[in-house]
Amino acid sequence: MAGTDFDAEIKQLNATMHTIEQVLDLPQMERDIADLGEQVAAPDLWDDQANATRVTGRLSALQGQVDRFKGLQARIDDLAVLVELAAEESDADTLAEAESELGRVRKAVEGLEVRTLLSGEYDEREAIVTIRSGAGGVDAADFAEMLMRMYTRWAERNKYPVEVFDVSYAEEAGIKSAEFAIHAPYAYGTLSVEVGTHRLVRISPFDNQGRRQTSFAAVEVVPVLEQTDEIEVDENEIRVDVFRSGGPGGQSVNTTDSAVRLTHIPTGIVVSCQNEKSQLQNKASAMVVLKAKLLAVKKAEEAALKKDLKGDVAASWGDQMRNYVLNPYQIVKDLRTGFETGNPQPVFDGEIDGFLEAGIRWRRGTDKADEN
């Protein structure tokens, strides 16, 4: 855009980066990196595999955050040099290049700034995502599969590993439910704003009369627990069922009863895992998911109690949080934040960062309002 005040823009970017640096506490992060580096170098590190995994994962996550911050600060410094060169030589092409880079850097800084808002107790954890089809028959099952693809594509775009625990396929198309983990720092804090009921409106591809269909799917996100988390599960309160893994259309993908279903009798929570070949491995993975869901129940009960004590009767999420409309017009709109786009296809292809950032800012504002 003509007439850009580069000096003011760069000054604002540097001010924002300074605030981010203070919130992240970069010096402490670098001290933690040095400490974790010494632990990784210890010859007996892998004697305790669980601890080794935690230490190396934490080191990788911290180093990634520091590198991201320093890399972005370097881009701002390079941008200032580029603007100075363009001004000295009155070079319109270089100035246009600076304009484009300014937009990209501004967006990157905004994204990093959003990360500083993730300060909840479990926000830095990895995430377990559960998707269930709701009202709408086969269209709802198809929609649930579209959402699963949306989140896994988002993870792929960010190079985050995805581990699928269980997928229950519907008879005609789509899925009844799916459960998968996204292994990345702050995956829980980032994706927790996706919790709620998602609504799709479109011409049904399964209706031979071409009628418009409304369907629903529910998204649940819980944090992956660490060994230090205090969640005790009485084995006597768990029913264990084993069954044969299956794929779309009921086709057998395993010749042994290796899949495991755990039912927590007091709460009725049911989790399944069939991604491993061993029944023992599937049970261990299912237990990870079960404990995460029990923690979520515990935290929800504590939050409800706090609101009761405050006399707060305002709902924070509601049943329906986002609409995906493909007919008679095209729009994806978040009903809490107002963030929207008129191009749904990239959203279903995993381009959901705008919705995530708006959701995180919205949640932060809601939390502050609750504190007052």
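Helices (H or I, at least four residues) and strands (E, at least two) are DSSP runs, numbered from the N terminus. The structure described here is a predicted model, in which local features need pLDDT of at least 70 and side-chain atom pairs count only at pLDDT 80 or more, whereas totals for chains, interfaces and linings use all residues. Residues are numbered from 1 along each chain as its sequence is written, and side-chain values use heavy atoms, with hydrogens and water left out. The protein chain holds nine helices and eleven strands.

**Overall composition**

- Of the 372 residues in the protein chain, 41% are buried, where buried means under 20% relative accessible area, exposed means over 50%, and partly exposed lies in between (1.4 Å probe, protein chains only).
- The accessible surface of the protein chain comes to about 19,900 Å², with 49% of it belonging to carbon and sulfur atoms; such areas come from the Shrake-Rupley method with a 1.4 Å probe, and for residues only the protein chains shown count as cover.
- With a contact defined as heavy atoms within 4.5 Å, 65% of the contacts between residues at least 6 apart in sequence join residues that are at least 24 apart.

**Sheets**

- An open sheet of eight strands runs in the order E2-E3-E1-E5-E4-E9-E10-E11 with mixed pairing, two strands being taken as paired if DSSP finds at least two bridges between them.
- The edges of this eight-stranded sheet are strand E2 (162-169) and strand E11 (340-341), each of which pairs on one side only.
- Within the eight-stranded sheet, strand E9 (residues 320-325) and strand E10 (residues 331-334) run antiparallel and are joined by four bridges, and Asn 323 has Lys 333 in E10 as its bridge partner.
- Another open sheet consists of three strands in the order E6-E7-E8, with antiparallel pairing; its edge strands are E6 (238-243) and E8 (269-273), each pairing on one side only.
- The twist in the three-stranded sheet averages 15 degrees from one strand to the next, where axes are lines fitted to C-alpha atoms (for helices over the stretch in contact) and angles run from 0 to 180 degrees between N-to-C directions.
- Six bridges connect E6 with strand E7 (residues 259-264) in the antiparallel sense, and Leu 262 in E7 is the bridge partner of Val 240.

**Nonpolar cores**

- A nonpolar core is a set of buried Ala, Val, Leu, Ile, Met, Phe, Trp, Tyr and Cys residues joined through side-chain atoms within 4.5 Å, and the largest one here has 59 residues, with Ile 131, Leu 147, Tyr 151 and Tyr 324 making the most contacts inside it.
- Helix H5 (residues 137-157) gives the most to this core, contributing nine residues.
- Leaving aside residues up to four places away in sequence, Ile 131 touches several residues, including Ala 144, Leu 147, Met 148, Tyr 151, Phe 180 and Val 219.
- Apart from the core of 59 residues lies another core, of 25 residues, which includes Leu 59, Leu 72, Leu 79 and Val 109.

**Aromatic pairs**

- The structure holds four aromatic pairs; rings of Phe, Tyr and Trp (its six-membered ring) pair if their centres lie within 6.5 Å, and planes under 30 degrees apart count as stacked, over 60 as edge-to-face and the rest as tilted.
- Phe 143 and Tyr 324 form an edge-to-face pair, with 5.5 Å from centre to centre and 70 degrees between the planes.
- Because Phe 143 lies in helix H5 and Tyr 324 in strand E9, this pair ties together parts that are 181 residues apart in sequence.
- Phe 143 is buried at 0% relative accessibility, Tyr 324 is buried with a relative accessible area of 0%, and ring pairs link Phe 143, Tyr 324 and Phe 348 into a cluster.

**Backbone geometry in loops**

- Asn 327 and Pro 328 are joined by a cis peptide bond with omega of about 15 degrees, and Pro 328 has its place in the loop between E9 and E10.
- Ser 90, in the loop between helix H3 (49-89) and helix H4 (92-115), has a positive phi near 50 degrees although the residue is other than glycine, and Ser 90 is exposed with a relative accessible area of 66%.
- Lys 159, in the loop between H5 and E2, is a residue other than glycine with a positive phi, near 60 degrees, and counts as exposed at 75% relative accessibility.
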